[in-house]
Amino acid sequence: MGIHYYKEMTILMFYTGLRVGEALALRWKYVDLSQEQLYVSKTLDVNTRELGDPKTPASEAYVPFPKFITEMLAQIKKESAKKIYGFNDELFVFGGLAPYHYSHYHKKFNEVFPELRIHDLRHSYAAYLINKEVDIYLVKELMRHENIKETADTYGHLYVERKHNAMSVFD
């Protein structure tokens with residue numbers, strides 16, 4: 001497969017909070033364009049390239065995405081169906097018959113974003129939600145964290161300014 005959708009995979013991870021192994025393991029059968037969501041059921045071990053269970057039981061869940069992601073994925077699916085003989089829903093969204101190699105994606109990611117780690121996309125997703133005043137319990141659900149403590153410990157500092165802003169209700 002000549003064309004690589006590295007840019008689109010990066011965009012998907014930023015707007016869903018998917019971990020890189022979850023994005024690499026994503027098959028078309030777990031993408032529901034009509035419901036604008038995907039289902040995380042597997043993760044790809046970036047070292048062994050074996051599919052396994054997600055990081056925690058809470059990681060296995062439906063993940064919603066915005067409308068423009070629906071359009072982006074529909075376009076990838078259409079192009080993949082044209083290019084891959086025998087295209088079906090068992091194929092990987094990013095890679096077709098086999099998932100992309102992490103090392104190649106990582107190299108390309110570093111060329112574009114030398115100062116970032118791939119996992120920073122996930123943190124940026126959470127920070128964006130928090131800055132847009134999404135409730136911390138909803139952030140926990142969207143991040144697919146096992147418990148609220150994990151979310152609060154990782155992102156609680158982003159609520160400091162909002163605590164002060166909340167005092168305006170008394171003014």
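This passage describes the nonpolar cores, the salt bridges and selected residues of a predicted model.

The largest nonpolar core holds 31 residues. Those with the most contacts inside this core are M9, L12, M13, L38, L73 and Y105. Four helices each give two or more residues to the core: α1 (6–16), α2 (20–25), α3 (67–83) and α4 (102–112). Another core, of 11 residues, lies apart from it. Y125, V139, L142 and Y159 are among the residues of that core.

L12 illustrates the packing in the core of 31 residues, being one of the residues with the most contacts there. Neighbours within four places in sequence are left aside here. On that basis, L12 is in contact with G17, L18, L26 and L38. The list for L12 also includes I69, M72, L73 and F94.

T16 also belongs to helix α1. Its relative accessible area is 0%, so T16 counts as buried. The T16 side chain has polar partners in the backbone. One of its polar atoms lies 2.6 Å from the backbone oxygen of L12. The backbone nitrogen of L18 lies 3.3 Å from a polar atom of the same T16 side chain. Beyond four places in sequence, T16 is in contact with V63, P64, F65, Y125 and L142. Two of these contacts, Y125 and L142, are members of the 11-residue core.

Helix α5 (residues 120–131) contains D120. With 16% relative accessibility, D120 falls under the 20% limit and therefore counts as buried. Its side chain makes a polar contact with the side chain of R117, at 2.8 Å. S124 is also placed in helix α5. S124 is partly exposed, because its relative accessibility is 32%. S124 and M13 are 111 residues apart in sequence. Their C-alpha atoms are 9.9 Å apart in space.

Salt bridges were examined next. Side chains of opposite charge can pair when their charged atoms come close. The structure holds 10 salt bridges. One of them joins R144 and E22, with the closest N and O atoms 2.8 Å apart. This pair links distant parts of the chain, 122 residues apart. R144 sits in the loop between α6 (136–143) and α7 (148–155), whereas E22 sits in helix α2. Both R144 and E22 are buried. For R144, the relative accessible area is 2%, which means that this residue counts as buried. R144 also has a positive phi of about 60°, although it is not a glycine. The pairing extends to R19: a network of salt bridges links R19, E22 and R144.

A second salt bridge is formed by the side chains of K42 and D53, at 3.5 Å from N to O. This pair, too, links distant parts of the chain, with the two positions 11 residues apart in numbering. K42 lies in the loop between β2 (37–39) and β3 (43–44). D53 lies in the loop between β4 (51–52) and β5 (62–64). K42 is partly exposed, at a relative accessible area of 35%. D53 has 58% relative accessibility and so counts as exposed.

The side chains of K108 and E111 meet in another salt bridge, at 3.9 Å from N to O. Both residues lie in helix α4. They are three residues apart, about one turn of the helix. K108 is partly exposed, with a relative accessible area of 31%.

A positive phi is also found at E36, which is not a glycine. The value is about 55°. E36 lies in the loop between β1 (31–32) and β2. Its relative accessible area is 22%, so E36 counts as partly exposed.

At the surface, M167, V169 and F170 make a nonpolar patch of about 370 Å². V169 is placed in the segment after α8 (160–166). V169 counts as exposed because its relative accessibility is 62%, and the limit for this class is over 50%.

Notes. Residues are numbered from 1 along each chain as its sequence is written. This is a predicted model: local features need pLDDT of at least 70, side-chain atom pairs count only at pLDDT 80 or more; totals for chains, interfaces and linings use all residues. Side-chain values use heavy atoms; hydrogens and water are left out. A nonpolar core is a set of buried Ala, Val, Leu, Ile, Met, Phe, Trp, Tyr and Cys residues joined through side-chain atoms within 4.5 Å. Buried means under 20% relative accessible area, exposed over 50%, partly exposed in between (1.4 Å probe, protein chains only). Contact means heavy atoms within 4.5 Å. Patches are made of residues with over 30% relative accessible area and no salt bridge: like charges are joined within 9 Å, nonpolar side chains (Val, Leu, Ile, Met, Phe, Trp, Tyr) within 5 Å. Accessible areas come from the Shrake-Rupley method with a 1.4 Å probe; for residues, only the protein chains shown count as cover. A salt bridge is a side-chain nitrogen of Lys or Arg within 4 Å of a carboxyl oxygen of Asp or Glu. A polar contact is a pair of N or O atoms within 3.5 Å; within protein, one must be able to donate a hydrogen and the other to accept it, and residues adjacent in sequence count only if both atoms are side-chain atoms.
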